Amino acid sequence: MATLPEGTTHTQTDTAPPRVVGFLCDWAVRSEGLLNPDDTLVGMPHVTVLRVPCSGFVKPSWLELALRSGAAGTFVCGCPMGDCLNREGNWIMEDRIDQLRKRLSRQKVDPERVAFFAFGLHDREPFLRAVAEFVEKLRGSGGKR
Amino acid sequence: MKGQDGSSGYLAVAGFLVVLALVCVALMVYGEWFDRRLVASGALGVLLVLYAAMVVLFRKAGWTAEE
Amino acid sequence: MYRRLLSTLQSATLRLDTWIHRALPQDFNPLYYTGGLANLFLTILVVSGILIFLYYEPSLEGAYASVEFLTRDVPYGVVFRGVHRYAADAYLVAILLHLFRNWFTDRYREARDSQWLSGMFLLVVSAFTGFTGYLLVWDERAQLLTSLTVQALQSVPLVGGWLVRVFLGGPGVNDTTLPRFLYLHVGPAMTLYVLLWWHYVRLRHPKIWPPAVWVLFSLGLLFILTSALPAASGHPAQPGASPEGFPVDWFFLWPYVLARWLAPGWALALVVALVAYGMVIPYTVRESPEQRGLRALGQAVVVEENCTGCELCYYDCPYNAIYMVPSPYPGKSRAAANRKLLAVVVDSRCVECGICIGACPFEALELPRMLDKDVQQRIQRGARAPAPATS
């Protein structure tokens, strides 16, 4: 597994917000008006969110790719636990992220850079707050691998 | 009981539920002894509901966690 | 307009969840386990039913007396009679919650229509079983229900007379009627398990039981109800009597309440119409793949060159839509060259969720309208910091 390309962490200065790539399942938060056409979050252009049909669709290798390509952090947001439209997608994704975190920490990459959220249709505000907190946390540990 | 850290409120409610549960057990024994079987089964029903309330309380107090 | 109504109902159903989550931890939300609750009550019904069955005598003379004996003289007989009666109501409530929740949250579309149809059959057979249970007591209510049912069946064109003979075991109430009613109660109850097999067959890990807290609460509630409102029979049925009113169990007997205003035949027709509509619900909302957006990215396609037969997709698919077959030829990639098994997607079951794509470590599965390489491009675009402005 490749380590982060040289110089990646150095671009995360205090002035530039940490770039985050996330995945949002279609059944989770209501996404009308949430995203720009280039996948960035309205109001948070440093956060890119790809909408997916189910949180279980996300491959762990995509999360690693996000980190390797220069993102400070990456997340998957699925439905509330117990209410996945496809019954098990969010449990499966949570397991995969646990495994990914363990693998990352063995490679000396901070496992906290991968997050998993579970929000429902009416939880847009809590979702945005969670993303903002995640960004702040990454900013705080910026420079640390 | 593991409830330190300011959760004396939860502890009090748990204690109250335990007392109620013991009352139910007494009622069950009474009901069976004196052939008042509807009393016994009603008390059993309340006991089961108390048990359910206890499970929720323990989770809210943080003494148990999601599986 | 229909779609907007459904959308509003969906939103309201999920809003209910936000309120419930303020009071209860999320994994205790009973609305996530409506099917499990129904199964719980069904199990309670079977157990209490078997206990009642030990004492019940299916005959015109003995039925009422045997139920009275059970209620009055058997220790806790009144309890398991009451539990049986209230569990039946709770069972129907759980089924209806299950029906409405799955309807309003889109869980019946496309390949999930199999669960919907089997569920409708389960509802009909359960309601019928509950209804025949009321007949077994053979009190005045049972007598009135029987005569209303006979009137309704008789008004069915062509086969009305035959239906009445099947129902009563003869042209009128006779000695074989109560054994026939018992058969019409226990027989459908057993078919419920066959229907449940159909209901579960396309699901992996169906949630069959609710969490323990709800098992405890439900059992407790049933015992409390049994004690507070003990189940009791009305006056015994008299041959030739024509009773006027009866205490109504709204869950099972509402078509009979309608008989006050409608001829019984029309009440039956209404029930049949409602059931028929229910059966076609999965086919009433037709949307093009564009309208469905992310929910219709195309059925999963196996990229056979890369499949190594590792079975991870097979185990992760929630709908049993992937089968592993003995590999007919080796794969092209090195990892796939020595495979023993090959994944095959069953088109009639695939709901296009993509969970298999997430499971596969070998790039051997794709959703046609959201390809791996496109996702990777978008990730890289999002991950790269914009070029610093040159000044």
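Me: Two residues are in contact if their C-beta atoms, placed from the backbone, lie within 7 Å. With that in hand, what share of the contacts in chain B with a separation of 6 or more comes from residues 24 or more positions apart?

Reply: That share is 47%. A word on the ground rules: this is a predicted model, where local features need pLDDT of at least 70 and side-chain atom pairs count only at pLDDT 80 or more, while totals for chains, interfaces and linings use all residues. Residues are numbered from 1 along each chain as its sequence is written, and chains are lettered from A and ligands numbered from 1 in the order in which they are written.

Me: What makes the model of chain C confident or not?

Reply: Here pLDDT, the predictor's confidence in each residue from 0 to 100, averages 91 over chain C, and 97% of its residues score at least 70. Helix 12 of chain C (residues 289-292) has the lowest mean, 80, and helix 2 of chain C (residues 34-53) the highest, 96. For the whole complex, the predictor gives an ipTM of 0.90 and a pTM of 0.89.

Me: How do you know which chains touch?

Reply: Two pairs of chains are in contact, and chains A and C share the most contacts. On that interface, chain A brings 37 residues and chain C brings 33. By contrast, no contact joins chains A and B, and their closest C-alpha atoms are 11 Å apart.

Me: What makes up the side of chain C that touches chain B?

Reply: There, 22 residues of chain C meet 15 residues of chain B. Helix 9 of chain C gives the most, with 13 residues; helices are DSSP runs (H or I, at least four residues) and strands are too (E, at least two), numbered from the N terminus. By class, the side of chain C has 18 nonpolar residues (Ala, Val, Leu, Ile, Met, Phe, Trp, Tyr, Cys and Pro), three polar (the others, Gly among them) and one charged (Asp, Glu, Lys and Arg).

Me: How do you know what span helix 9 of chain C should have?

Reply: The expected span is 1.5 Å times one less than the number of residues. Helix 9 of chain C has 17 residues, so it should span 24 Å, and its end C-alpha atoms are 24 Å apart, which agrees.

Me: Why is F217(C) called buried?

Reply: A residue is buried if 20 or more other C-beta atoms lie within 10 Å of its own, exposed if 12 or fewer, and partly exposed in between, with C-beta atoms placed from the backbone. In helix 9 of chain C, F217(C) counts as buried, as do V213(C), L222(C) and F223(C), among others. The cover over the buried residues of this helix includes helix 2 (37-60) of chain B, with helix 2 and helix 4 of chain C.
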